[in-house]
Amino acid sequence: MTGIYPVLKINQVKLVQNAKMIVELCQNHHIQVAGVSKGVNGDVGVALALKEGGCQQIASSRIEHLKTYKAIDPNWPTLLLRIPMISEIEEVVAYADYSLVSEYETLNALNDAAKRAGQVHKVILMMDLGDLREGFFDDEATIEMALKVEKEMAHLCLAGIGTNLGCYGAIKPTVENLGRLSHVANCIEMQIDRKLEIVSGGATSSLPLLVSGKMPQGINHLRVGEGLLLNMDLPEIWEVEIAPLHQDVFILEAQVVEFKEKPSHPVGEIFIDAFGNRPTYEDRGIQRRAILAVGKQDFANEEKLIPLDPSIRVIGSSSDHLIVEVDGDRALKVGDTLSFRMYYGPMLHLATSPYVRRMLI
Ligand SMILES: *Cc1c(COP(=O)(O)O)cnc(C)c1O
């Protein structure tokens, strides 16, 4: 095996299969899926796989990603996840078909920019159902703003409303809070005398409601990233299995630069590590240890990396080194490579690190 390490390998076939599974599950409940690519730095191969898997829109938090997709295919529906900055309003109108919005000033700026561009821009008003990230906080404020957009902002189209849960406030999507979103959507629809295109009920963390058959009527859209890309959170945190979703779409391969037997307890007076912490160590005698050439700068948190080889245990890292322990009879040599699955955090960082090669397979 030749190549430059470390490498983040992305299995396109498995990713398309994951996307198809989630899209089909959602379709059975009359729900559209926006595939979310922000966790992989907007990787184009990933975005194309989500498209192939049937996701109705491609969504990211960064306008740069959406710009790339529009350059590939101007007809690819794009959705901006982070509420827009005033300083990027022109780009939002140019590259996002839909944006999530929670401020009157932003709506006004979008309306003006769309007018200048001779376009109509679609907005999804965000409602904060208690998670305390973005959104109008009460029903009346949401409805009032929806009516303003509908009646006063000629260059905006009120595509719908949406919410975000399980982020800052770690609030669980439930029949009650998503029911409220659906109710507000109903109120708006009555007053504007048409159906809203989108009632967006959250992200991966809303899938358990769907699986248990409890998703409130009227929710017709979700924005899914983690569940499609990694599927680590649903089985572990939510105890929901959407078998057979792959958990190994993303694999980190890194190269061994040292393999030696060493004590498991540092020798000398333990003081402060490279990050200002005062760590403790368990003495498990002499162990076989390997150092890999990849570090916190690339993956941020080694505890969220999972070795594919069960005889390998991650024990620590520094900015540029990952240290693993190897079971007794397993021998490694310098130049060998080890592979890891991962949770969301390492995926986000690995996909953003200029020192990690990304490879679609
Ligand atoms: C990141 C994000 C999502 C996707 O979240 P996952 O947990 O990866 O499914 C959806 N909506 C918004 C607004 C986001 O910022």
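This report describes the ligand site and several salt bridges of a predicted model.

## The ligand and its surroundings

The ligand occupies the second largest pocket of the structure. Its shell consists of 13 residues, and the closest of them are Lys38, Thr204, Arg223, Gly225 and Glu226. Sorted by character, the residues of this shell comprise five nonpolar, three polar and five charged.

## Polar contacts with the ligand

Both side chains and backbone take part in the contacts described here. In the side chain of Arg223, an N or O atom lies 2.8 Å from a nitrogen atom of the ligand. The side chain of Arg133 places an N or O atom 3.0 Å from an oxygen atom of the ligand. Glu226 contributes through its backbone: one of its polar backbone atoms is 2.8 Å from a ligand oxygen atom.

How much of the ligand's exposed area does the protein bury? The ligand taken alone exposes 380 Å², and the protein buries 88% of that area.

## Arg133 and its salt bridge

Arg133, whose side chain contacts a ligand oxygen atom, also forms a salt bridge with Glu134. The closest N and O atoms of this pair are 2.8 Å apart.

Are the two partners buried or exposed? Glu134 has a relative accessible area of 8%, so it counts as buried, the limit being under 20%. Arg133 has a relative accessible area of 40% and is therefore partly exposed, as this value lies between 20% and 50%. The salt bridge thus joins a partly exposed arginine to a buried glutamate.

## Other salt bridges

In the whole structure, a search finds 19 salt bridges. Among them is the pair Glu302 and Lys296, whose side chains meet with an N to O distance of 3.5 Å. Glu302 is buried, because its relative accessible area of 10% is under 20%. Lys296, in contrast, is partly exposed at 23% relative accessibility.

Another of these salt bridges links the side chains of Asp327 and Arg313. Here the distance from N to O is 2.8 Å.

Definitions and conventions. Residues numbered from 1 in each chain as written. Predicted model: local features only at pLDDT ≥ 70, side-chain atom pairs only at ≥ 80, totals over all residues. Heavy atoms only, no water. Near = heavy atom within 4 Å. Polar contact = N/O pair within 3.5 Å; in protein donor to acceptor, adjacent residues only side chain to side chain. Areas by Shrake-Rupley, 256 points an atom, 1.4 Å probe, with all protein chains shown as cover. 1 Å grid on protein atoms, 1.4 Å probe; cavity = no way out; pocket = protein on both sides within 12 Å on 5 of 7 lines; lining within 4 Å. Sits in = over half its atoms within 2 Å of the grid points. Nonpolar A, V, L, I, M, F, W, Y, C, P; charged D, E, K, R; others polar. Salt bridge = Lys/Arg side-chain N within 4 Å of Asp/Glu carboxyl O. Buried < 20%, exposed > 50% of the residue type's maximum accessible area, 1.4 Å probe, protein only.
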